[in-house]
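Colleague: Got a few minutes? I'd like to go through this one with you.
Modeller: Sure, put it up and ask away.

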Amino acid sequence: MISLIVVTYNSAHLLPAFAAALDADTQAPAYELIIVDNASHDQPWLVMPHAQWLRLPHNVGFGQACNRGTAQASGDYFVFLNPDVIVTTGWLQHLSTHLLHHADVALIAPETLYPAETRSLHPGIADRPTLPGAALMVSRQHWQLLGGFDEAIFLYWEDTDLCWRAQRRGYRTVVACDTAVIHQRGGSGGGTQRWLSEYTKNGLYVHLKLQSWPRILWF
């Protein structure tokens, strides 16, 4: 069983397209859909009533909301998805197959494309130093080993932090070169001055936490 964990914050307008793409993938292995809502005002649970909803009383940020979702998930694998992502046919099957056959891989993501962007896909996986949390898969075993997302990070850089911690433990972080998803980027919360400052602050925090001084000074 795979647990898909989605965090929403005033994202109701994105969910019809998100749900339609999920439903269109007839090749997907069995999964449960858990949506964690960060105290939205637009009642997104009315758009996807068939999902398991965890409605939080206030906005705790992306990483902590994901952690809350995994706490009630029953799957052996977790996939974190943004509501502004459009999946493609076979995406989940490809990710789960790669993780099953590569014990040294802790985190895997599909190729992530902008709307209207095209890219040639090919078999196999490729190592990447960082992966986007918009569509990110991890086994329960590796998730527990890594301790989940750092809850000191409200939004942005929590995915990079998780990747760097996995690499420090000797694991690979890779993309699946044979599948892709479309990511609108910023459709589920970014774009304001507050988020820009959050991005800069968290980038410095993660570098100070996990990188050498030359890398920190470069950042």
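Colleague: Let's start with Asp161. Is Asp161 buried or exposed?
Modeller: Asp161 is buried, with a relative accessible area of 0%. Keep in mind that this is a predicted model.

Colleague: Which side chain meets Asp161 in a salt bridge at 2.8 Å, N to O?
Modeller: That is Arg165. General background: side chains of opposite charge can pair when their charged atoms come close.

Colleague: How far apart are Asp161 and Arg165 in helix α5?
Modeller: They are four residues apart, so about one helical turn separates them. Helix α5 covers residues 158-168. Arg165 is buried as well, with a relative accessible area of 14%.

Colleague: And what does Asp161 do with Lys209?
Modeller: Those two form a salt bridge, and their closest N and O atoms are 2.9 Å apart. Lys209 sits in helix α6, residues 193-210, while Asp161 sits in helix α5, so the pair ties together parts that are 48 residues apart in sequence. Lys209 is partly exposed, at 33% relative accessible area.

Colleague: How many salt bridges does the count come to?
Modeller: Nine salt bridges. One of them joins Arg172 and Asp127, with the closest N and O atoms 2.9 Å apart. That pair links distant parts of the chain. Arg172 is in strand β9, residues 172-183, and Asp127 is in strand β7, residues 125-127. In sequence they are 45 residues apart.

Colleague: What about accessibility for Arg172?
Modeller: Arg172 counts as partly exposed, at 24% relative accessibility. Its partner Asp127 is partly exposed too, with 48%.

Colleague: Which residues are linked in a network of salt bridges?
Modeller: Glu111, Glu117, Arg119 and Arg128.

Colleague: New topic, cysteines. How many disulfides does the structure hold?
Modeller: Zero.

Colleague: Why is there no bond from Cys66 to Cys163?
Modeller: Because the sulfurs are too far apart. The closest cysteine sulfur to that of Cys66 is in Cys163, and the distance is 13 Å. A disulfide needs the two sulfur atoms within 2.5 Å. Cys66 is also buried, at 0% relative accessibility.

Colleague: How far is the sulfur of Cys177 from the closest cysteine sulfur?
Modeller: It is 15 Å away, too far for a bond, and the closest sulfur is again in Cys163. Cys177 counts as buried, at 4% relative accessibility.

Colleague: Now the inside. How many residues has the largest nonpolar core?
Modeller: It has 30 residues. Leu4, Leu81 and Trp91 have the most contacts inside it. Several elements each supply at least two residues, including β1 (2-8), β2 (31-37), β4 (77-81) and α3 (91-101).

Colleague: Which element gives the most to this core?
Modeller: Helix α1 does, with five residues.

Colleague: What does Leu4 touch?
Modeller: Leaving out residues up to four places away in sequence, its contacts include Leu22, Ile34, Val79, Leu81 and Trp91.

Colleague: How many residues are in the second, separate core?
Modeller: That one has 29 residues, among them Val7, Val60, Phe149 and Trp195.

Colleague: Where is the place of Val60?
Modeller: Val60 is in the loop between β3 (52-55) and α2 (62-71). Val60 counts as buried, at 10% relative accessibility. Not counting residues up to four places away in sequence, Val60 touches Asn38, Ala65, Arg68 and Phe154.

Colleague: How far is Val60 from Tyr205 in space?
Modeller: The distance is 18 Å, C-alpha to C-alpha, and the two are 145 residues apart in sequence.

Colleague: Last one. Which helix holds Leu15?
Modeller: Leu15 lies in helix α1. At 0% relative accessibility, Leu15 counts as buried. Setting aside neighbours within four places in sequence, Leu15 is in contact with Thr8, Pro44, Val47, Met48, Trp53 and Pro83.

Colleague: And how far apart are Leu15 and Ile86?
Modeller: They are 71 residues apart in sequence, and 9.9 Å apart in space, C-alpha to C-alpha.

Conventions: Residues are numbered from 1 along each chain as its sequence is written. This is a predicted model: local features need pLDDT of at least 70, side-chain atom pairs count only at pLDDT 80 or more; totals for chains, interfaces and linings use all residues. Side-chain values use heavy atoms; hydrogens and water are left out. A salt bridge is a side-chain nitrogen of Lys or Arg within 4 Å of a carboxyl oxygen of Asp or Glu. Buried means under 20% relative accessible area, exposed over 50%, partly exposed in between (1.4 Å probe, protein chains only). A nonpolar core is a set of buried Ala, Val, Leu, Ile, Met, Phe, Trp, Tyr and Cys residues joined through side-chain atoms within 4.5 Å. Contact means heavy atoms within 4.5 Å.
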